[in-house]
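These are my notebook entries on one structure. I set out to look up its ligand contacts and its metal site.

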Amino acid sequence: MTDCLTPPAAAADSLSSSVDMKEYGAYTNSPPIVAAHCADDCIHVAWQLLDTRESAAYPLLWLRDHCACDACRHPQTYERTQFIIDLDPNCLEMAPAISVEGGHLALIWSDGHASRFDAGWLYRLRPQQQAWQPSIVPANQAWAEHFIPHRSDFVDYMAGGNARLDWLHALCRDGFAILQNGPSEGGEIDQVAATIGPIRASNFGGRFEVFSKPKPNNAAYTALGLELHTDLTNWKNPPDIQMLYCLANDAQGGESIFADGVAVAEALREQDPQAFRLLAETAIDCRFADEEVDLVTRATVIHLDEHDQVIEVRFNNWLRDSLRLPPAQIMPWYRAYLAFWKILRSPRYRLDLRLAAGEMVAFDNRRVMHGRKSFDPQTGRRHLQGCYVDYDMVESALRVTARQTAGVTS
Ligand code: OGA
Ligand code: ZN
Ligand code: ZN
């Protein structure tokens, strides 16, 4: 391709209503485009900001690929229906005719196709701007000492708006959030899940009932204390977010315990780097078996990403299967496991609370460990309803709520 010889397009003084780029959510407000020209197989676009001029270069192929006309993006689903592989390869050889219409960029390509690009949309996607995609989903933040969880009232959350936005934000950031002062008739957890997405089912069903059962197939369904753990470590893909809604907590005991696996793993990394490495590199067997299922996987206790950051902790003592490791690794692995467990037990990392009827905890089951103290079923009723939902749907709910609270409907 050669440089395009199209002359600079005329400036516009004010931005007319936005071009529909077939995206939900608002485009960044930007001033109108004041100039556009083609050079080096790119369209160079300029905006006049308060006292400076900003410009950006968009490759011709990128622009054609992002055309949002009804032929290139489906008018109802907004999905891309154009395949650049099928474009006439010559159609980008010649510079498109460029104009600035109402402050937005308009191109007519050499094959006659017409594309329009919103000035604010283009501004947001300036290729040279590294942080061009500010994510509304916050990064994980390890719990500090004396971590105080975010709380919202059930009715405020259900009403949507900022209360829901803040709650979902806290859940993504801390891997933990509480709803309080809700009803306790039963089934409320379904209403909460419905604000997020479909329930992720497991071998224990969709919504599960946690109370002391006559024929338990799971420690949670007894009155035993539950050591801090993450659920379903025996699955290749354990559930992401767990929600436990308290309907009654009148028995003696039964207080809840939580700990942030990221904070505990980081403490281990600092105190005993060798143990940390071992738990991050040695996979062990996890298994759940009853009359109907036999679910087994082999996974490490600590999971790291490519930057060596802790992204997941799997810790569940009763789902740990017989330890199958080479002889020289058995004792070092146990020592590392116990070093992790010792930190986990230390009050510095524990969050203790007693769930009240009408209160719900939601936590990141891939990161935050949960447990409970034993209770005496003779002294009163204890009943929680639980379910899991996927991260993807939590993040989606956060984005949609943000869109709604910004007053944007489509
Ligand atoms: C569970 C669980 C905790 C509790 O159901 O997975 O750990 O407080 N329950 O009963
Ligand atoms: Zn098009
Ligand atoms: Zn559990």
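**Ligand 1 and the metal site**

I began with the arginines: the side chain of R372 places an N or O atom 2.8 Å from an oxygen atom of ligand 1. I note that the model is predicted.

I then looked up R382, which has a polar side-chain atom 2.7 Å from an oxygen atom of ligand 1. For H229, I found an N or O atom of the side chain 3.1 Å from an oxygen atom of ligand 1. I also checked coverage: of the 290 Å² of accessible area that ligand 1 has on its own, the protein covers 95%.

Next I listed the surroundings of ligand 1. The residues around it include F208, V210, A220, L226, Q242 and L384, together with H229, D231, H370, R372 and R382. Sorted by class, this shell has 5 nonpolar, 3 polar and 3 charged residues. I traced the shell to its strands and found that β9 (208-210), β10, β20 and β22 (382-389) each supply at least two residues.

Which residues coordinate the zinc ion (ligand 3)? I found H229 through NE2, D231 through OD and H370 through NE2, at 2.1 Å. Along the chain, these donors follow the spacing H-x1-D-x138-H. I recorded that D231 and H370 link distant parts of the chain, 139 residues apart. D231 sits in the loop between β10 (226-229) and β11 (241-249), whereas H370 belongs to strand β20 (residues 368-372).

Are D231 and H370 buried or exposed? I entered both as buried.

My last entry joins the two sites: H229, D231 and H370 coordinate the zinc ion, and H229, D231 and H370 are also among the residues around ligand 1.

Notes
Residues are numbered from 1 along each chain as its sequence is written. Chains are lettered from A and ligands numbered from 1 in the order in which they are written. This is a predicted model: local features need pLDDT of at least 70, side-chain atom pairs count only at pLDDT 80 or more; totals for chains, interfaces and linings use all residues. Side-chain values use heavy atoms; hydrogens and water are left out. Donors are N, O and S atoms within 2.8 Å of the metal (3.2 Å for Na, K and Ca); water is not among the atoms, so sites may look incomplete. Helices (H or I, at least four residues) and strands (E, at least two) are DSSP runs, numbered from the N terminus. Buried means under 20% relative accessible area, exposed over 50%, partly exposed in between (1.4 Å probe, protein chains only). A residue is near a molecule or strand if one of its heavy atoms lies within 4 Å of it. A polar contact is a pair of N or O atoms within 3.5 Å; within protein, one must be able to donate a hydrogen and the other to accept it, and residues adjacent in sequence count only if both atoms are side-chain atoms. Accessible areas come from the Shrake-Rupley method with a 1.4 Å probe; for residues, only the protein chains shown count as cover. Ala, Val, Leu, Ile, Met, Phe, Trp, Tyr, Cys and Pro count as nonpolar, Asp, Glu, Lys and Arg as charged, and the others, Gly among them, as polar.
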